[in-house]
Amino acid sequence: MNIANPLPAPMAEPAPTLVLSGFEGRHRGATLVVCGCGTSLTAEVAEQAARHGWVTIGVNDVGRLFTPDYLVVLNPPRQFRGDRFTHVRNAQARALFTQLSPQVLGPVNAPLVQITLGANGGTEIGHDGSLPHTQNSPYVAVCLAVLMGAKRIGLIGVDFTEHHFFARSGRHPLSARLARIDQEYGALAQALTARGVALVNLSPVSRLQRLPRLSLSDFAGTAATLAVPTAAADIAANIAPRARRVFVVNHRFLTCGEVFTDGLRHAAQALGLAHADANWDDPRLPEKVAAFQPDLLLVVHGRRFVQRWGERLVHRFGKAHSAPWHSAVWLVDEPYEVDDTASWSQHFDTVFVNDPVTLPRHQNAHALPMAFDPVHCHEVLGPRRHRVGFIGGSNPTRERMLLRLADAGLLSYVVGGPWRSAVLQRLCLARHVPHAQTAALYQQTDIVINVFRDQHHFNAQGLAGQSLNPRVVEALACGALVVSEPRSELLQHFPELPVFDGDEALVATVQRLLTDRAEHDRVLAACRARLTQHRYQDRLQEALRVTLGTEHTTGAPAPHPSLPAAPSTDPSAAPSTAPMRPALRRPPAVRPALPDLSSRTRVALNLQPLVAAPKRHLLYHLWPVRGSTWRWNVEQLLQRIDLFNGRRIVAIVSDERTEDMAVVRAAFAGHGVSFIEGPNSAHGESDTFPLMLAELAREHPDDLGFYAHAKGVKYEPQCPPAVRRWAEVQYAVSLDRWPEVRTHLERHAMTGLLRRMGRYANHGHVGDWHYSGTFFWFRHDAVFRRAWQDVPRFYGGVEAWPGMLFAAPETSCLLLDGLSERLRDLPYHERFWQQRGNPAFAQWQRAKQALPPPPDLLHPAPFDGEASPRLEQRPEEFAWWLDQLFDSGAQRLLVVAPAHDGVAAHVRRAAARRSRAIEVLHLPRADALPAGDRIDAAFIDGDHSYAACRRDADAALAAGARLLALHDIVDSDWHAASRCCVSRVWAELTAQHPQAQARMGPDWGGIGLIAVPAAEL
């Protein structure tokens, strides 16, 4: 099987095998870091490991980010989705540790070390070297680190939060078992402490609670020879000085939500602070603060806090009552709100302002600019779907600038508003999005536009803003280049940042940077190199320095995750002598220019030839509005459903207009369909398509998928003739000529029909092309390498999705390519079919050629010298089956086959030659066997559809067959074109009966044999 290999290293021969005992004590007294695939694993971990000489043990596909010293892999390849196992196979680690046999694991680059898994949830390495295990692979990696002699073990990327560091993969599959896993890690830490080994959690976001926690910078600043405490709870206290206590009073913002809450919370965790927080409107806020006894009380925004607590602010929290803590407020809307904030900021011991222009308006004020949260805002390697975007509220200046970009065809989306322009309304993805989704959009955007606010609610003096805003640092941290209006502080921090002054300059700047990729990447790299002092961690550290006179650090500030370090300005700086690691895998600095701007940020597909017999999966959306149209659509599909030898997934949505769900499910009875059911909504199939697609993401990358929906149901009770014709043509062209579809998919990521170029208002102006009618085939190895989860949630979003994922040259068209926006090219209209559609379809039908049968099926060879009756079996396969039949001692055989078939006659002839007595029953279907009749064996070669073959196999087994044979189990283009789906039944039976045997050739035939144990009869 061919799997696209994104890494260059070929595997010329199997990897050598090493022994575990050779690694015992190899790193005695050293620091080892175990790396999972959670979002806390960043480039900073690899950089710190290289700087300090730590040994790294990764699990699974951490090699996407950096090459660990060692790799632990416990799951078999089939459990890895998409291209994940490709990174395991091509890993360049010194050794790969696994309990899997080489036959199960398959060929890999790294030398193999066979391990034995010991006690489940255990804490002691076995006398035989077996490693304790749980359901979480990093647990085994920690035990391996102990076997290697580690004195200190850091754990990172073991978060149990949503998503992996490399993709938005959703909820962690072990989340439901977190409590038990947390207990197991806690017990392991205690056991290791007793042995003099420290195990600490380095992740600021991990949900594990029973491990001592340290920031990565504190872990790096600790001497490796530090004595290990006698109790696990004392580890952090022994390693770091007493943690400062910070209580943050949060404010939830309308546009950016919990961004400050999350950012400061993660910052406190990264700095190792004792930290608590609550919202300003919490009725128990005074009690919570008093109980926590912070060193610093930091209030974000402040206005609502002052309004809610009034005079109680001074008496309960402030200096007037001799409170034991220091109070500070961070004003984050300066200078727009300065007249208001200046009227009450004096109640706080210290005032921090986001813009230095208002420092004179406050007492004891200090500048504290905006920041970004690296937990959410970090670069995600891979394609970027959007060229240009903007997220923020509306104002006249922004509206004018963005509309100018949209008119030039450069603006991909906006979020926020409310927008007065109808064009911007169409481009608007949402009015509000959570901060995490904002970061996700930035991670998918090439250029982010920054236009500052022009409305000052409380700024009578008209103080002009000087500072940068969060958008600048957040977008840069996510790997997007920012094009901004100029400001003094902005240019002071980011002198290379592209700025504009006016509409025309904005359009020209964006066009230049989209066209000149070398310039774009050079400027982006220079700006990102200056981000290392703009994290919330850096802002909180500065607040501690100003208010409490402490730096709260044990070393130099750690570089921001996934960002390059700022270039040194010290000419005397000596080169590092730390051990080197292979370079982090980042996109190349300069990408070749492509003619299609929308595809410039997409990763090249490099498609490999399809395997001989790819699995073909069906995804189908059905809104069964009462009437005849949905039934007609299902009939059209079921006539062709045996083309699909893999999964068959039907999503059914319901509302007050729909048929009873039981009636709808019954229409698919016997066809091996699985269902996803839910309510219908205004988003239509955009709700169900991502759910079905997620199911296919678990399947093999060599597989293919096909998507369609029941067409015309919304017009009930009368579907227009043009729409019915549209649906007829789509079913026929998509599903009636499999060899042609295969030819297209050999060279393209996707194929369909009625392809229309351009962006359209009903698609929200996203996607550069679409298949009109939303019937299309796709390759797994192409779709699941791109941002497949981002399906637009609007009616017609699925139709727009292919054009967002792929550039037009990466796809193909089966019929009528290049439709225009003209009325005569719309398939809704009868004139389209009269002038274009019907003539093109008639030509397609005339060109249709049946796939010729294989020569040895068209003219079968004689069997045992007998050419009659005709035997449509390969002689060697049939002879093998006869031997198995007679060796079994069967006395009563059921042959399910057409009346003209020669199997029964040849069995009787062979029995006579061998002097064997056997009764042969020849029936067209197995359930025609009289009730109560029993058989010993069955040979199924009747109707080759899935439903009929499954029916015959089940009936034969129910009649007592202890030897069941299926013919035509081979999956080939000939079988697919002939609607033979025996291979799907065979796959299901072999999953139930692992002892199955088979004899088969490459292109047709094949006999599968199941011997049923007597206990199962």
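In this predicted model, Gly389 has Tyr413 of strand β18 as its bridge partner. That pair belongs to a run of five bridges that join β18 to strand β17, residues 386-393, with the two strands running parallel. Zooming out, β17 and β18 sit in an open sheet of four strands, ordered β18-β17-β19-β20, and the pairing is parallel. The edges are taken by β18 (413-417) and β20 (481-484), each of which pairs on one side only. On average, neighbouring strands of this sheet are turned by 20 degrees against each other, direction ignored. In general, the strands of a sheet are held together by backbone hydrogen bonds, and they pair either parallel or antiparallel.

Another parallel pairing turns up earlier in the chain, where six bridges join strand β11 (residues 245-250) to β12. Here Arg245 stands opposite Ala274 of β12. Strand β12 itself, residues 274-279, has side chains that alternate: Ala274, Ala276 and Ala278 point to one face and are buried, whereas His275, Asp277 and Asn279 point to the other and are not. Alternation between the two faces of the sheet is what a regular strand shows in general.

Asn250 is also part of β11. With a relative accessibility of 2%, well, under the 20% cut-off, Asn250 counts as buried. Its contacts, leaving out residues up to four places away in sequence, are Thr261, Asp277, Ala278, Asn279 and Trp280. As for Asp277, 27 residues separate it from Asn250 in sequence, while the C-alpha to C-alpha distance is 6.9 Å.

Turning to helices, a pair of packed helices is described by the angle between the axes and the distance between them. For α18 (residues 503-515) and α19 (residues 517-528), the angle is about 100 degrees and the axes are 5 Å apart. That makes α18 roughly perpendicular to α19. On the α18 side the contact is made by Leu513, Leu514 and Thr515, and on the α19 side by Arg517, Glu519 and His520. Sorted by class, the contact of α18 with α19 comes out as two nonpolar, two polar and two charged residues.

Two further buried residues are found much later in the numbering, Ser983 and Trp1004. Ser983 is placed in helix α34, residues 982-992, and counts as buried at 12% relative accessibility. Apart from neighbours within four places in sequence, Ser983 is in contact with Asn645, Asp968, Ile969, Val970 and Asp971. Trp1004, by contrast, lies in a loop, the one between β35 (997-999) and β36 (1007-1011). Trp1004 has a relative accessible area of 2% and is therefore buried. Setting aside residues up to four places away in sequence, Trp1004 touches a list of residues including Pro854, Leu857, Glu872, Arg874, His967, Ser972 and His975. Asp968 and Val970 appear among the contacts of Ser983 and also among those of Trp1004. Trp974 is touched by Trp1004 as well; these two tryptophans are 30 residues apart in sequence and 7.0 Å apart in space, C-alpha to C-alpha.

How far to trust all this varies along the chain. The mean pLDDT of the protein is 83, and 87% of the residues reach 70 or more. Over residues 223-241, however, the pLDDT is below 50, and this stretch has 35 contacts in the model beyond near neighbours in sequence. Residues 552-602 also have pLDDT below 50, with 121 such contacts. Where pLDDT is low, the predicted coordinates should not be read in detail.

Note on methods: Residues numbered from 1 in each chain as written. Predicted model: local features only at pLDDT ≥ 70, side-chain atom pairs only at ≥ 80, totals over all residues. Heavy atoms only, no water. Axes fitted to C-alpha atoms, helices over the stretch in contact; angles between N-to-C directions. Parallel < 35°, antiparallel > 145°, perpendicular 65-115°, else oblique. Contact = heavy atoms within 4.5 Å. Nonpolar A, V, L, I, M, F, W, Y, C, P; charged D, E, K, R; others polar. Pairing = 2+ DSSP bridges. Buried < 20%, exposed > 50% of the residue type's maximum accessible area, 1.4 Å probe, protein only. pLDDT = per-residue confidence, 0-100.
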